[in-house]
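Good morning, colleagues. I should like to take a few minutes to walk through one model, beginning with its sheet and ending at a single loop position.

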Amino acid sequence: MPHPEWASFSFDGIGTRWEVSTPEALVPAVRHQLLETVSEYDRTYSRFRPDSLVSGLSRGPGRITLPGHATALHQVYDTLYRLSGGTMSPLIGSSLERLGYDPQYSLVPAGSPQAPPRWEDVLEWTGTSLAATEPVVLDVGAAGKGQLVDLLGGVLRSEGHSDFLVDGSGDMLHSGTHPVMVALEHPYNPGQAIGTVELNNSALCASASNRRAWGDGLHHVLDGTTGEPIHTTVATWTMAASALVADAVATALFMIEPARLQEEFDVAWLRVSSSGAATFSESFEGRLFS
């Protein structure tokens, strides 16, 4: 938790709760910049609103120009799509909608699981340019919230704030001279923790199958080659220099062996399997409760 005397600015955005903590209260102009940064990201990437930039691609083929930060998002997704053999895909949105996680939040499956189209067959993404040859449902949720955490950190730094904690419902970025101790939420009981970790000038992100779950065995972490929920892993945590990388790798740990990920990304990680067993990297300096 941040220092108890710090000021907190809380708000809702992209379907989640945000808290920005700083030693002194943020002035209205900085608060406005933070809110506008979240709104702009939502207007660009949300598949839950018909007026977003990417939603047009769900209605037909086309080409769009994304903001400059899309280049980093593309690089991370491109690497993880390759490492996972297509299991982690930005096109998973159609599979999520088929299982009921749709813009109406119907939470009622429209049929059996179905894989999304393959990236190489329908999507051309180069930096800020993205083109689809057929209707596609883009979903960057596996890394997008982490990137937005980084963008909010960038706003704070640009306004002279060097000490802060940005917390997007568990996806965090810390900066400053006062490390914070973070509890690791129990994957089966949100009111308990399985351990703690100290966050010191880095990002910490988590992914858990219980976070967005509905129906019998249905949750938001899907296999992009089948469209089916993944059940072998139930929760992951990663620490990295950026929340974009930490968030993306936290999801990738459901699909890719950690050793393979560490060949490409500088991360510390913790993974909990469906059997309850916890494995972690040597660099993950947390404390697990017995």
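**Sheet, cores and a loop serine**

Please bear in mind that this is a predicted model. I begin with the sheet. Eight strands make up an open sheet, ordered E1-E2-E6-E7-E10-E13-E14-E15, with antiparallel pairing. Its edges are strand E1 (7–13) and strand E15 (278–280), each of which pairs on one side only. From one strand to the next, the twist averages 10°.

At the E1 edge, E1 and strand E2 (residues 16–22) are joined antiparallel over seven bridges, and Ser-10 stands opposite Glu-19 in E2. Helix H1 packs on the sheet and touches E1 and E2, its direction making about 25° with that of E1. Helix H5 (residues 141–158) also packs on the sheet, where it touches E1, E2, strand E6 (164–168) and strand E7 (171–175). The direction of H5 makes about 155° with that of E6.

Let me turn to the interior. The largest nonpolar core has 58 residues, and Leu-34, Leu-73, Leu-80 and Leu-261 touch the most other members. Beyond four places in sequence, the residues that Leu-73 touches include Tyr-41, Tyr-45, Trp-125 and Leu-244. A second, separate core comprises 18 residues, among them Met-172 and Val-180.

Finally, the loop position. Ser-46 lies in the loop between helix H1 (28–45) and strand E3 (62–65). Is Ser-46 buried or exposed? Its relative accessible area is 12%, which is under the 20% cut-off, so Ser-46 counts as buried. The Ser-46 side chain reaches the backbone nitrogen of Phe-48 at 3.0 Å. Leaving aside neighbours within four places in sequence, Ser-46 contacts Tyr-41, Ser-52, Val-54 and Ser-55.

How values were computed
Residues are numbered from 1 along each chain as its sequence is written. This is a predicted model: local features need pLDDT of at least 70, side-chain atom pairs count only at pLDDT 80 or more; totals for chains, interfaces and linings use all residues. Side-chain values use heavy atoms; hydrogens and water are left out. Helices (H or I, at least four residues) and strands (E, at least two) are DSSP runs, numbered from the N terminus. Buried means under 20% relative accessible area, exposed over 50%, partly exposed in between (1.4 Å probe, protein chains only). A polar contact is a pair of N or O atoms within 3.5 Å; within protein, one must be able to donate a hydrogen and the other to accept it, and residues adjacent in sequence count only if both atoms are side-chain atoms. Contact means heavy atoms within 4.5 Å. A nonpolar core is a set of buried Ala, Val, Leu, Ile, Met, Phe, Trp, Tyr and Cys residues joined through side-chain atoms within 4.5 Å. Two strands pair if DSSP finds at least two bridges between them. Axes are lines fitted to C-alpha atoms, for helices over the stretch in contact, and angles run from 0 to 180 degrees between N-to-C directions.
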